[in-house]
Amino acid sequence: GVRPAAVSMQMAQGALGQTGGDLDLAIEGRGYLEVTLPSGDVAYTRDGALKRNGEGLIVTSDGFPVSPEIVIPEDARSISINPDGEVYAYFNTGGAAELLGQFTLAGFTNPKGLEAIGSNLFAETEASGPSNQSTPGLDGLGTVRQGYLEESTVDAGREITELIEAQRGYELNSKVISAADQMLGATTQVR
């Protein structure tokens, strides 16, 4: 018969797609952004489609604040985020850019042990081990790329091929069962 042998999360990095958005961040390499849920619990995500809320706080697309909290002033003309996660604001008054804060990344001993809690969020578990917070680019963690988002890790061509293979296997098993049924039927008809 046909049955799934195992279900596992694919934790490989997807391709990076350029968006040009000031607050779009892709993590190039290992690591997760830490976010604070409304309950006060901590969750982790690789979804870098960030935005600015009404108070200027950098939040996820679902409105959860990214930790450490970084606030963008209202009069900021634009922002720049370097590969080390440092966030700089540029103002209409000119002058040098102002450092607003720095993103950190969380790494895990076993990322496949994270528990998916929905909306591209993961929770730390005993299997994943504790999070190790560090600056992007250090301690084996990746760097961040402003203006990019990580795309899906699903290879549609490969998945369709595997689906066709499974379908052919099911058809073959169905034909074997039909042939066996016909043979048994023929043996019971013999007098």
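**A guided tour: hairpin, cores and pocket**

Begin by selecting β9 and β10, which form a hairpin with six residues between them. In the turn, G94 has a positive phi of about 80°. The model in view is a predicted one. Next, display the backbone of β9 and of β10 (residues 98-102): the strands run antiparallel, and four bridges join them. To see one position along this pairing, select A89, which stands opposite E98 in β10.

Turn now to the nonpolar interior. The largest nonpolar core has 25 residues. Select L50, I58, I72, I79, I81, V87 and F103, the members that touch the most others in this core. Colouring by element then shows that β2 (25-28), β3 (33-36), β8 (76-81) and β9 (86-91) each give two or more residues to the core.

Centre the view on I79. Apart from neighbours within four places in sequence, I79 is in contact with D22, L23, I72, V87, Y88, A89 and Q146. A89 in this list is the residue already seen opposite E98.

A second core, separate from the previous one, consists of six residues. Select Y32, F108, L114 and F122, which are among them.

Finally, move to the largest pocket, whose volume is about 520 Å³. Its lining comprises 24 residues; select Q10, N120, F122, E150 and T153, which lie nearest its centre. F122 thus appears here as well as in the second core. Two or more lining residues come from each of β12 (115-118), β13 (121-123), β16 (148-150) and α1 (156-189). Coloured by residue class, the lining shows nine nonpolar, eight polar and seven charged residues.

Definitions and conventions: Residues numbered from 1 in each chain as written. Predicted model: local features only at pLDDT ≥ 70, side-chain atom pairs only at ≥ 80, totals over all residues. Heavy atoms only, no water. 1 Å grid on protein atoms, 1.4 Å probe; cavity = no way out; pocket = protein on both sides within 12 Å on 5 of 7 lines; lining within 4 Å. Points joined across faces, edges and corners; volume = space filled by probe spheres on them. Nonpolar A, V, L, I, M, F, W, Y, C, P; charged D, E, K, R; others polar. Core = buried A, V, L, I, M, F, W, Y, C linked by side-chain atoms within 4.5 Å. Buried < 20%, exposed > 50% of the residue type's maximum accessible area, 1.4 Å probe, protein only. Contact = heavy atoms within 4.5 Å. Pairing = 2+ DSSP bridges.
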